[in-house]
Amino acid sequence: MTPDKNPQKIKDMFDEISPYYDSVNNFMSLGTHYIIKFLAIRKLNIKPRSNILDLCCGSGDFVNIIKKYYPRVKVMGLDFSREMIKLAKSKNPDGTFIPGDCTDLPFKEKEFDYITMGFGLRNIENRSKAIDEIYRVLETGGKFLHLDFGYHNKLNTLFNLFTSILIKILKKNSRHYEYLLKSKDDFPEPNELIKEFEQHGLKCIKIYNYMFGTISAQILMKI
Ligand SMILES: C[S@@+](CC[C@H](N)C(=O)[O-])C[C@H]1O[C@@H](n2cnc3c(N)ncnc32)[C@H](O)[C@@H]1O
């Protein structure tokens, strides 16, 4: 069944799960999500003094990793869940986190040298509009890092089983994790997704697989 990605519902869902978002992420990924984010970001070879935008920033992992390892860059996170923005701010009061919608970015053309987005696009109803916006605000020759669940392989089936058990334990907010399962399996596999990006003018220059391909990072360039 196709998951309901009505933007207001998605926003409400992330507002509601924000208090335990980080703990559940740590638990479900057995702590690996942070390492994978770090490894994928390193593949961008970020240049000093770059201007970077992290879309769907959530609790701020991408912004915090970038600022820690590339202190000479300017980086900002954007998310439409105000509770997630509050959480990101509470974890990093010096970080720049702003409310906004990926399908209508409050920036002018070619403002960013790099754009990152982790585990976000999967939740966006109008994916095409979001990719158009990424293209618009990215500098020509700029790079876009997209990280999310990848191939629907056997390990993915095992992850689904693990999540189903978690759903039973979490009872109260289980519908959010039922949504996670649906959105993950409904999301195109990397090769299909790359075709979509390329239709919008972003050329795939590298693909990196993590956890046997259950997580995939694609680096795309605006040509
Ligand atoms: C699964 S979380 C990922 C957070 C973070 N990038 C990470 O990897 O931990 C997805 C985030 O995307 C945000 N989001 C979903 N649709 C959005 C949209 N259209 N515009 C802005 N943020 C959006 C949600 O509020 C949520 O914080």
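A nonpolar core is a set of buried Ala, Val, Leu, Ile, Met, Phe, Trp, Tyr and Cys residues joined through C-beta atoms within 7 Å. Keep that in mind as you work through these exercises on a predicted model.

**Exercise 1. The core**

Task: Find how many residues the largest nonpolar core has, and which residues have the most contacts inside it.

Solution:
- Step 1. Count the members: the largest nonpolar core has 43 residues.
- Step 2. Pick out those with the most contacts inside this core: they are Leu55, Cys57, Ile66, Ile115 and Leu145.
- Step 3. Zoom in on Leu145. Not counting residues up to four places away in sequence, Leu145 touches Ala40, Ile41, Leu44, Thr116, Ala217 and Ile219.
- Step 4. Set this beside a general tendency: in soluble globular proteins, nonpolar side chains tend to be buried together.

**Exercise 2. The sheet**

Task: Work out the order of the strands in the open sheet, and say which strands stand at the edges.

Solution:
- Step 1. Read across the sheet: its 7 strands follow the order E3-E2-E1-E4-E5-E7-E6, with mixed pairing.
- Step 2. Look at the two ends. E3 and strand E6 (202–210) each have a single partner strand, so one side of each is left without a neighbour in the sheet.
- Step 3. Check the twist: on average, neighbouring strands of this sheet are turned by 20° against each other, direction ignored.
- Step 4. Add the helices. H3 packs on the sheet and touches E4, E5, E6 and strand E7 (215–222), with its direction at about 155° to that of E5. H4 also packs on the sheet, where it touches E1, strand E2 (74–79), E3 and E4; its direction makes about 175° with that of E2.

**Exercise 3. Pairing, strand by strand**

Task: For E4, E5, E6 and E7, decide which pairs are parallel and which are antiparallel.

Solution:
- Step 1. Begin with E1 and E4, a parallel pair with 4 bridges. Here Leu55 has Met117 of E4 as its bridge partner.
- Step 2. Move to E4 and strand E5 (residues 138–149), which pair in the parallel sense over 6 bridges. In this region Tyr114 stands opposite Lys143 in E5, and Gly118 has Leu147 of E5 as its bridge partner.
- Step 3. Go on to E5 and E7: this pair is antiparallel, over 7 bridges. Phe144 is matched with Leu220 in E7.
- Step 4. Finish with E6 and E7, which run antiparallel and are joined by 8 bridges. Tyr210 has Ile215 in E7 as its bridge partner.
- Step 5. Look at the hairpin of E6 and E7: there are 4 residues between the strands, and Met211 takes a positive phi near 50°.

**Exercise 4. Buried or exposed?**

Task: Decide whether Thr116, Lys110 and Arg49 are buried, partly exposed or exposed.

Solution:
- Step 1. Recall the cut-offs: 20 or more other C-beta atoms within 10 Å make a residue buried, 12 or fewer make it exposed, and anything in between makes it partly exposed.
- Step 2. Thr116 is in strand E4. Thr116 counts as buried because it has 29 C-beta neighbours inside 10 Å. Leaving aside neighbours within four places in sequence, its contacts are Ile41, Ile52, Asp54, Phe62 and Leu145. Thr116 and Val63 are 53 residues apart in sequence, and 9.2 Å apart in space from C-alpha to C-alpha.
- Step 3. Lys110 sits in the loop between strand E3 (96–99) and strand E4 (112–118). Lys110 has 15 other C-beta atoms within 10 Å, so it is partly exposed. Its phi is positive, near 55°.
- Step 4. Arg49 belongs to the loop between helix H3 (32–42) and strand E1 (51–55). Arg49 is exposed because it has 10 C-beta neighbours inside 10 Å. Its phi is also positive, near 65°.
- Step 5. Now try whole strands. In E4, 7 of its 7 residues are buried. In E7, 7 of the 8 residues are buried, so E7 is largely enclosed by the rest of the structure.

**Exercise 5. Around the ligand**

Task: Describe the residues around the ligand by nearness, element and class.

Solution:
- Step 1. There are 20 residues around the ligand, and Phe14, Cys56, Gly58, Ser81 and Gly118 come nearest.
- Step 2. Helix H1 (7–17) and helix H4 (61–69) are the elements that give two or more residues to this shell. H1 supplies the largest share, 3 residues.
- Step 3. Sorted by class, the shell has 11 nonpolar, 6 polar and 3 charged residues.

Conventions: Residues are numbered from 1 along each chain as its sequence is written. This is a predicted model: local features need pLDDT of at least 70, side-chain atom pairs count only at pLDDT 80 or more; totals for chains, interfaces and linings use all residues. A residue is near a molecule or strand if its C-beta atom, placed from the backbone, lies within 6 Å of it. Ala, Val, Leu, Ile, Met, Phe, Trp, Tyr, Cys and Pro count as nonpolar, Asp, Glu, Lys and Arg as charged, and the others, Gly among them, as polar. Two residues are in contact if their C-beta atoms, placed from the backbone, lie within 7 Å. Two strands pair if DSSP finds at least two bridges between them. Axes are lines fitted to C-alpha atoms, for helices over the stretch in contact, and angles run from 0 to 180 degrees between N-to-C directions.
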